[in-house]
Amino acid sequence: MFKKGNFSKNALTVLRKRYLKRDLGGNVVEEPEDMFKRVAYAVAEVEKDYNPDADIDALALRFYNMMVDRDFLPNSPTLMNAGRHLGQLSACFVLPVEDSMEGIFETLKQAALIHKSGGGTGFSFSRLRPKNDVVHSTRGVSSGPISFMQVYDRATEMVKQGGTRRGANMGILRVDHPDILEFIDVKRDRKKLTNFNISVAVTDEFMKALENGGSYDLINPRNKEVVGSLSAEEVFERIVTSAWESGEPGMVFIDRINANNPTPQLGAIESTNPCGEQPLLPYESCNLGSVNLENMVGPDGRVDWEKLERTVKLAVHFLDNVIDANRFPIPQIAEMTKKTRKIGLGVMGFANMLIKLGIVYNSSEGEAFARRLMKFVTEKGREESIELARLRGPFPAFKGSIYDKPGAPAVRNATVTTIAPTGTISIIADTSPGIEPLFAIAFVRNVLGDQRLVEVNPLFEDVAKKRGFYSDRLVKRVSEDGTLANISGIPEDVKRLFVTAHEVSPEWHLRIQAAFQEFTDNAVSKTINFPSSATKEDVRKAYLLAYKLGLKGITVYRDGCREGQVITFGAGEEKKEAPKRFTYTSPRSRPKVTKGMTFKVPTGCENLYITINEDEFGPIELFATLGKSGGCAAAQGEAISRLISLAMRSGVKPEAIIKQLKGIGCNNPTWEEGEVVLSCPDAIGKALERYMKMKERKPEPKRGHKAKVVRTTVCPECGGTLVYQEGCLRCLSCGYSKCD
């Protein structure tokens with residue numbers, strides 16, 4: 001009996017927008033239950049290949065119930081395409097980039113076909129000869145890997161993934177490639193490689209040189225000759241600086257990945273998928289799905305380990321079937337995927353599970369539980385893979401693999417577990433994404449176009465009512481702040497339990513990631529969140545700790561490092577009349593007492609006196625007075641000063657204001673201390689720049705501040721909050737994402 005599902009409004013919105021079948025007129029022609037039935041039967045039909053007498057209806061019902069109850073959901077392409085004409089069920093792929101014009105553009109063609117089918121792609125550009133290297137066939141010089149990455153980026157922009165997903169890529173370059181410095185800096189220009197995540201493939205040799213304060217060799221991949229050397233410390237500092245500024249590049253510990261390569265006889269792993277959690281050989285694919293951990297907590301407030309075991313084993317069976325049900329976009333991928341039969345069973349709802357269990361996320365207890373939990377998932381998943389190997393045979397590349405040992409049982413899948421992003425499927429499951437902490441206790445969600453709803457975490461609401469501190473006034477305050485940190489009347493243990501991502505220190509983010517990584521076959525998608533006030537040294541420590549803790553890679557994100565719209569963290573004071581794709585913020589209040597300094601700058605009119613005042617968080621106002629002038633000049637000066645002050649109090653970076661003002665000219669420039677002053681606005685910009693150089697950076701408002709803001713981008717589809725989680729940007733409202 002195929003029962004009806006119980007879906008939230010948000011889940012139904014995402015399903016109708018992205019997953020459910022449509023007719024030629026664009027009208028939705030199936031219900032969520034129809035989709036899950038379609039997927040269940042498409043995946044169950046594979047059973048006939050191994051057992052002609054298999055009860056397909058019974059297996060399809062088991063698959064259906066697991067999905068409709070939201071105990072497990074496969075990756076998005078499986079939900080979208082199973083049982084339909086396209087039939088491409090994998091989330092992502094890795095393609096080789098050979099050092100020839102023919103190889104480069106053959107791979108580009110293959111990537112376009114993959115993006116068209118709904119998949120993402122990972123590439124290592126490390127085989128390409130460096131910039132200005134010799135090209136014998138033309139007697140010319142190479143343009144280098146960065147130039148070809150830009151070609152791939154532009155091609156990705158032109159291809160819409162399966163009509164519902166925009167292309168996502170991972171670009172990797174080895175740290176010993178001669179063009180590594182250009183690669184590290186490339187995304188500091190925000191207009192470049194907008195469809196790429198990038199990571200440096202860091203070797204153990206590099207990390208050893210870094211530890212010892214030494215240098216390491218640069219190697220030309222064309223002939224394997226050493227062509228120079230670099231200081232490991234200087235290269236590492238460059239990586240840290242770029243990551244602090246832009247969130248990229250990440251670091252992939254490539255030697256550690258290959259030390260855990262299950263099929264070394266097939267070659268070395270060079271790249272990962274777009275979010276970094278799935279290291280793959282060339283032409284392998286990701287076949288992913290996630291168990292909803294929140295549903296594994298019983299009504300008694302304890303983990304239902306028996307249900308978790310049943311779900312894990314059925315999910316492994318499901319994912320193994322997906323490989324055979326799949327219509328791969330090119331034959332090389334079909335061949336390689338079936339040779340290793342890698343699957344990636346992951347989890348979602350970890351934060352919600354901890355809350356139900358009463359375990360604090362950023363605690364030793366939370367870390368220990370994460371380790372125990374993932375050990376259980378991987379062990380039970382591998383038990384099922386062994387059973388499938390007994391019934392169906394091991395993966396074809398088993399001989400020579402790490403599992404090929406005397407007396408050891410055969411396994412069906414070269415890898416079983418992966419912690420992948422769950423952006424949209426966690427909305428369908430109505431749970432927290434992946435292993436991330438809660439993003440906020442309350443936020444504004446855009447539903448069905450212009451309708452805006454304030455949502456409070458239902459688990460918090462339930463606890464507040466049971467503990468007797470719930471009130472409408474409290475809900476309003478929580479919706480304004482987003483976090484509980486600065487709200488009185490809430491017990492401290494509740495504040496600790498409902499900790500949000502921006503309250504969790506980078507070290508605890510890394511420790512939780514490492515706990516999961518210890519018992520995960522592949523890798524872990526996790527964002528290490530930093531406040532905007534974080535220093536480069538903070539990022540440096542995180543990268544070093546990631547290596548020390550045994551991670552296979554790391555992605556960091558510092559608030560505001562990628563320029564975008566300024567949005568309120570909670571409901572804040574957003575205006576109800578805000579346009580669909582824009583959210584306003586209120587400026588912070590001016591304190592009664594400020595401190596500052598005044599600059600005297602000669603201009604072509606008169607001396608301009610520029611006063612810049614600050615509060616505890618940084619510049620808050622600016623006054624510009626032009627000598628004894630009055631009339632229009634004075635009015636214009638006051639107008640410019642008011643607008644600059646408003647921008648400062650609203651969170652606009654002084655650097656952005658400086659950029660707008662400097663260089664504005666008039667017909668009466670002058671000289672001041674050997675530098676030309678083009679106009680009064682130019683003088684204001686230069687004075688503000690001088691002020692910023694003289695003052696140390698101040699921290700931004702604490703998260704509890706009523707007018708606090710998080711700098712991020714606005715969803716291009718619904719105008720909702722676009723947050724950086726699990727290694728990619730995703731929308732909290734409609735599920736839009738570039739990577740999952």
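Q: Let's start with a pair of strands. Which residue in β11 is the bridge partner of Leu218?
A: Gly228 in β11 is the bridge partner of Leu218. This is a predicted model, by the way. Now zoom out from that pair: β10 covers residues 215–220, β11 covers residues 225–231, and six bridges pair them in the antiparallel sense.

Q: How many residues sit between β10 and β11?
A: Four, and the two strands form a hairpin. Take a look at Lys224 in the turn, whose phi is positive, at about 65 degrees.

Q: Where else does a positive phi turn up?
A: Try Gly482, just after α17, where phi is about 85 degrees. Helix α17 itself spans residues 472–481, and its buried residues are Leu474, Val478, Ser479, Glu480 and Asp481.

Q: Back to strands, then. How should I read the two faces of one?
A: The general idea is that side chains in a regular strand alternate between the two faces of the sheet. Now try that on β20, residues 527–530: Thr527 and Asn529 lie on one side, Ile528 and Phe530 on the other.

Q: Are those four residues in β20 buried or exposed?
A: They are all buried, so both faces of β20 are covered.

Q: Which strand does β20 join, and how do the two run?
A: β20 is joined to β21 by four bridges, and the two run parallel. To find your place, look at Thr527, which stands opposite Thr555 in β21.

Q: How do I read a whole sheet? What is the order of the strands in the open sheet of three?
A: Read across the strands rather than along the chain. Here the order is β1-β16-β17, with mixed pairing. At the edges are β1 (72–74) and β17 (344–348), each pairing on one side only. On average, neighbouring strands of this sheet are turned by 25 degrees against each other, direction ignored.

Q: How many bridges join β16 to β17?
A: Five, and those strands run parallel; β16 covers residues 288–292. One spot to check is Leu288, whose bridge partner in β17 is Gly344.

Q: Now for charges. How many salt bridges does the structure hold?
A: It holds 45. A good way to read one is to ask which parts of the chain it links. Take Lys307 and Asp71, with their closest N and O atoms 3.5 Å apart. Lys307 is in helix α11 (residues 305–325), while Asp71 is in the loop between α3 (56–68) and β1; the two are 236 residues apart.

Q: Why does Asp71 count as buried?
A: Because its relative accessibility is 10%, and buried means under 20%.

Q: What are the closest N and O atoms of Asp185 and Arg238 doing?
A: They are 2.7 Å apart in a salt bridge. This one links helix α7 (residues 180–185), which holds Asp185, to helix α9 (residues 232–246), which holds Arg238, across 53 residues. Arg238 has a relative accessible area of 32%, so it is partly exposed.

Q: Which residue does Asp493 meet in a salt bridge?
A: Asp493 meets Arg467, at 3.1 Å from N to O. Asp493 is in helix α18 (residues 492–497) and Arg467 in helix α16 (residues 458–467), 26 residues apart. Both are partly exposed: Asp493 at 43% and Arg467 at 44%.

Q: Which residues do salt bridges that share partners join into one network?
A: Those are Glu47, Asp320, Asp324, Arg341, Arg392 and Arg412.

Q: How far apart are Thr431 and Arg70 in sequence, and in space?
A: They are 361 residues apart in sequence, but 9.6 Å apart from C-alpha to C-alpha. Thr431 lies in the loop between α15 (423–428) and β18 (442–447). With a relative accessibility of 11%, Thr431 counts as buried.

Q: Last topic: how do I read empty space?
A: Rolling a probe the size of a water molecule over the atoms shows where space is left empty. This structure holds nine cavities of 30 Å³ or more. The second largest has about 210 Å³ of space.

Q: Which residues are closest to the centre of that second largest cavity?
A: Of the 26 residues lining it, the closest are Ser199, Cys275, Gly276, Ile554 and Thr555. The elements giving two or more residues to this lining are β9 (196–202), β12 (250–253) and β21 (553–558). By type, the lining has 11 nonpolar, 10 polar and five charged residues. You've already met Thr555, opposite Thr527.

Key. Residues are numbered from 1 along each chain as its sequence is written. This is a predicted model: local features need pLDDT of at least 70, side-chain atom pairs count only at pLDDT 80 or more; totals for chains, interfaces and linings use all residues. Side-chain values use heavy atoms; hydrogens and water are left out. Two strands pair if DSSP finds at least two bridges between them. Axes are lines fitted to C-alpha atoms, for helices over the stretch in contact, and angles run from 0 to 180 degrees between N-to-C directions. A salt bridge is a side-chain nitrogen of Lys or Arg within 4 Å of a carboxyl oxygen of Asp or Glu. Buried means under 20% relative accessible area, exposed over 50%, partly exposed in between (1.4 Å probe, protein chains only). On a 1 Å grid over the protein atoms alone, a cavity is a set of points where a 1.4 Å probe fits but cannot get out, and a pocket is an open set with protein on both sides within 12 Å along at least five of seven lines; lining residues have an atom within 4 Å of a point. Grid points are joined across faces, edges and corners, and a volume is the space filled by probe spheres set on the points. Ala, Val, Leu, Ile, Met, Phe, Trp, Tyr, Cys and Pro count as nonpolar, Asp, Glu, Lys and Arg as charged, and the others, Gly among them, as polar.
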